[in-house]
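Here's a quick walk through one protein model, written for someone who'd rather be at the bench. Have the structure open while you read.

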Amino acid sequence: MKHLFFPILLLLAFLGLSVACGAPKAQEPEPKYIVQVSIGHWKAPTFSAEQIIARLDTVSRLIPIEKVIIGWSLDKEVYRKVGTYLHENNIHMLLWLPVFAETEDVLDNSPAVDLWGRLPAEYAAGGFRFNCPTDPQNLANVLALYDQCFSDCGFDGVFLDRVRTQSFVSGVGGVLNCGCPTCTAHFAAEGVDLEEVRKAWEEKGDDFLSVSNYDPVTGFEFADPLAAAFFRAKGHIVSNSVAAVADSLHQRGLEVGLDLYAPFMAPFVGQDYAILSQHADFIKPMLYRMTFAPAGMGYEYDLLRKAIPGAKGYPDIKMDVAFLESQLEAMADCPCAKYPGIEINYRADIVPTSPEYVAESLAAVMRYHFDGLDLSWNIMEAPDAHIACLGK
Ligand SMILES: [Zn+2]
C-alpha cells in the first residue's frame, strides 16, 4: 500500500489546486486597437510628423496599436514619414477621408437638399455642408481626390467618414433628404414617391415620424408605412453609394473602414448596416455614451425628440451598459470586423469621460468577442490615464 501513498497524495494536491484555480478558462481574445490622429482639414498639419511619431510611440507602450487612422491635411510628407515609422512597427496606416461632407474646400460637389429643395440648416448657418449622396460626379470626385492627393503616400487603406446624410443636428430637413432630382429617381426605383412623402409630412407633421414599437436591438418601427418605406429606401440609396466608393477603393488594393452611427440612429442618416458591412473590412460604430455633441448617442437622440416633439412612441433611453450591449447585439451578425468607437478624449463640458468609463466599455465589447476598439477621436489629445486603463 505504501507505494500508492505518494501518487494519491499528489493526485489530491493536484485536485486541490484545480479547485483553487477554478475550471480552466477559454482563452478570451486580446482586444486590438485602432487610434485616430486628427491633423486638421486640408491645410498644413497641426502636428509635425515627429510629434505624431513620438505620441504613437508613447501610446504603443500602453496598448498594442493595430491601425492608425490619420487625416486629412494635404501635406504628403507628414504621411510618408509617419507611414515609414508605422510600417517598421507592423501597424497599418489608413487615410481619414470624409465622403459626403466637409469636402467643399477641395471638391466642387453638388449639395444635398431637403424634400423641398432647400439647403438644410447646418449648411445655411455656416457649418460644414453635406453633399448629395447619389450624384455620380460627387462619388467620382472623392475617388479622384484620393488618386491625386493621397495614392503615393503609403496608405494601406482608407477610413471613410461622413458616409451619411445630415442627422437631426440639421432638423427634420436634414433627415428628410436628399430630395434632388437624381435622388428622387433613386427613391422612385425603390418604390417611394418623394412627392407623397412631402405631402404626408405637410399633412401629418411630427406624427408622420411616430413609432409603433421600439426594441433596443432591432430599433424603431415607424407607425406610418410610408415613413417606414422612406427610411428603408434611404438606407439602400445612401449605403449603396458608400458601397460603390468602398468597392472602388478595394480595387486599388486598399482596406476600407467605415464610420457609422449607432444602430438605433443609423436609419435616420441612411446607414444600412447589412449593406455597409458587406463592403467594408471593418466598421467603427460610434457608441459614444458620454459625448454631448454630434454623434453622441444621447445627444443625437435628444435632438430627434426636440425636432419632432409631436411624434409618439419615442421612449426615454438611458445610456447605460445595458444599452451599449443592445447596440453591440444589433451588429453582432455583421460579416466584417467590428471596432466600436469609444470616446477617450476628455472635456469637462462635452466629453466627461473617465478611465472607469473606458474600461467598462471595453469589457462590454469583448464580452461580445468583437475585434477591439477604435479609440476616438484624437489620440494626440487623449489623456494617458484613459489609455493606460486598457492595459497591454
Ligand atoms: Zn441628391
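In which hand does H12 pass H13 in their crossing? H12 passes H13 in a right-handed crossing; the term means that the near helix is turned clockwise from the far one by less than a right angle, whereas anticlockwise would make it left-handed.

A word on ground rules before going on. This is a predicted model, where local features need pLDDT of at least 70 and side-chain atom pairs count only at pLDDT 80 or more, while totals for chains, interfaces and linings use all residues. Residue numbers start from 1 along each chain, as its sequence is written.

**The helix pair**

Two packed helices are described by the angle between their axes and the distance between the axes. For helix H12 (residues 321-330) and helix H13 (residues 355-367), the axes come within 10 Å and cross at roughly 35°. Those axes are lines fitted to C-alpha atoms over the stretch in contact, and angles run from 0 to 180 degrees between N-to-C directions. Val321, Leu324, Glu325 and Leu328 are the H12 side of the meeting, and H13 brings Glu360, Ser361, Ala364 and Val365. By type, the residues of this contact split into five nonpolar, one polar and two charged. Nonpolar here covers Ala, Val, Leu, Ile, Met, Phe, Trp, Tyr, Cys and Pro; Asp, Glu, Lys and Arg are charged, and the others, Gly among them, are polar. Contact means C-beta atoms, placed from the backbone, within 7 Å.

**The whole chain**

Zooming out, the protein chain has 14 helices and eleven strands. These are DSSP runs numbered from the N terminus, with at least four residues for a helix (H or I) and at least two for a strand (E). The C-alpha atoms fill a box of roughly 95 × 55 × 40 Å along the principal axes. A compact globule of 392 residues would have a radius of gyration near 21 Å, and the chain's 24 Å agrees with that. The radius is taken over C-alpha atoms, and the globule rule is 2.2 Å times the number of residues to the power 0.38. Of the 392 residues, 44% count as buried, meaning 20 or more other C-beta atoms within 10 Å of the residue's own (12 or fewer is exposed, in between is partly exposed). Among contacts with a separation of 6 or more, 80% come from residues 24 or more positions apart.

**Strand E8**

Strand E8 is covered on both faces: Phe282 and Lys284 on one side, and Ile283 and Pro285 on the other, are all buried. E8 pairs in the parallel sense with strand E7 (residues 255-260) over four bridges, and also in the parallel sense with strand E9 (residues 337-338) over two bridges. Strands count as paired if DSSP finds at least two bridges between them. Phenylalanine 282 is the bridge partner of glycine 257 and stands opposite alanine 337 in E9.

**Backbone oddities**

Some loops have backbone angles to look at.

| Site | Feature | Loop |
|---|---|---|
| Asparagine 177 and cysteine 178 | cis peptide bond, omega about 10° | cysteine 178: between H6 (171-175) and H7 (181-189) |
| Serine 376 and tryptophan 377 | cis peptide bond, omega about -5° | tryptophan 377: between E11 (372-376) and H14 (385-388) |
| Tryptophan 42 | positive phi of about 70° | between E1 (32-38) and H2 (49-62) |
| Alanine 295 | positive phi near 85° | between E8 (282-285) and H11 (297-307) |

Is alanine 295 buried or exposed? Alanine 295 is buried, because 21 other C-beta atoms lie within 10 Å. Tryptophan 42 has 17 within 10 Å, so tryptophan 42 is partly exposed.

Note on methods. Two residues are in contact if their C-beta atoms, placed from the backbone, lie within 7 Å.
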